[in-house]
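Here's a quick tour of a ligand and the protein around it. Have the structure open and follow along.

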Amino acid sequence: MHNPIIVALDVPDAAQAATLARSVAPHVGAFKVGKELFVAAGPDIVRELRATGARVFLDLKFHDIPNTVAKAVAAATRLDVQMLTIHCSGGSAMMRAAEQAAQDTARLLDWPAPLVLGVTVLTSMDSAALSELGGELDPAAQVRRLALLASNAGLRGLVCSPLELTTLRSLVPSGLQLVTPGIRTTQDAADDQKRTLSAPEAIKAGASWLVIGRPIYAASDPAAAAQKILATLA
Ligand code: C5P
């Protein structure tokens, strides 16, 4: 079975990330390195994780001019990450450049291209926050618009909230991978996540991968917590 659990290594340094990764590795499918850990520990943490054979999702949400994003994606591809994120709001040309850079760099290295995932609307943005920026005021409509733009620009995956899964599954090509944070069981604290589903509910709704942070890394026994979530997917 494909293990869809991606553990967010949302810890402040390389030592804590390595300890957490070692303990949960047998029960998860990949590790997510985000901005906090990457800024603190640098690309060496990605190399360290890759050296163990684990898949790595580099979540740096690139958003810049197409040339700069393409170069950042090429550098991430050379680090041998399996997934990375860009902001769809960077526009079609930026998304096409990112996908092209992933494909071209991987071809030169003779390994599979990483999945370039588009981030549509940050879940922290509501209608009031969008209205400050001008343009579309309805977050759900903006998510649909950016998802289609990403798919048309050639992206093969999107990050989306659990409650967007059903809509996006009916909107984008079926091969497009949907990566979903905001996973909680009824026993978990919701923390700052407002829209959550359990792991089996999210898979049923069409998620390809589940990003799980606090329910695993903040548990008293992270390995047991990961194992328990995986068992709900069997
Ligand atoms: O601890 P928790 O399970 O909420 O962690 C979810 C992870 O997914 C965090 O690394 C968070 O930054 C990320 N994420 C999110 N919501 C988004 C995009 C990413 O929670 N919309």
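Strand S8 (209–212) and helix H10 (214–217) each put at least two residues into the shell around the ligand. Keep in mind that this is a predicted model. That shell includes Val-211 and Ile-212, followed by Gly-213, Arg-214 and Pro-215. Elsewhere along the chain, the ligand is also surrounded by Ala-8, Asp-10, Lys-32, Thr-123, Pro-181, Arg-184 and Gln-193. Sort the shell by class and you get 5 nonpolar, 3 polar and 4 charged residues.

Who makes polar contacts with the ligand? Three pairs to look at are these:

| Residue | Protein atom | Ligand atom | Distance |
|---|---|---|---|
| Lys-32 | side-chain N or O | oxygen | 3.0 Å |
| Thr-123 | polar side-chain atom | nitrogen | 3.0 Å |
| Arg-214 | backbone N or O | oxygen | 2.7 Å |

So Arg-214 uses its backbone here, while Lys-32 reaches the ligand with its side chain. On its own, the ligand has 460 Å² of accessible area, and the protein covers 81% of that.

Now for the space itself. The ligand takes up the largest pocket, which has a volume of about 900 Å³. A total of 36 residues line this pocket, and those closest to its centre are Lys-61, Thr-123, Pro-181, Gly-182 and Gln-193. Thr-123, Pro-181 and Gln-193 also turn up in the shell around the ligand.

Which helices and strands each give at least two residues to the pocket lining? They are helix H2 (35–41), strand S3 (56–62), S8 and H10. By class, the lining comes out as 15 nonpolar, 9 polar and 12 charged residues.

Methods: Residues are numbered from 1 along each chain as its sequence is written. This is a predicted model: local features need pLDDT of at least 70, side-chain atom pairs count only at pLDDT 80 or more; totals for chains, interfaces and linings use all residues. Side-chain values use heavy atoms; hydrogens and water are left out. A residue is near a molecule or strand if one of its heavy atoms lies within 4 Å of it. A polar contact is a pair of N or O atoms within 3.5 Å; within protein, one must be able to donate a hydrogen and the other to accept it, and residues adjacent in sequence count only if both atoms are side-chain atoms. Accessible areas come from the Shrake-Rupley method with a 1.4 Å probe; for residues, only the protein chains shown count as cover. On a 1 Å grid over the protein atoms alone, a cavity is a set of points where a 1.4 Å probe fits but cannot get out, and a pocket is an open set with protein on both sides within 12 Å along at least five of seven lines; lining residues have an atom within 4 Å of a point. A molecule sits in a cavity or pocket if more than half of its atoms lie within 2 Å of its grid points. Helices (H or I, at least four residues) and strands (E, at least two) are DSSP runs, numbered from the N terminus. Ala, Val, Leu, Ile, Met, Phe, Trp, Tyr, Cys and Pro count as nonpolar, Asp, Glu, Lys and Arg as charged, and the others, Gly among them, as polar. Grid points are joined across faces, edges and corners, and a volume is the space filled by probe spheres set on the points.
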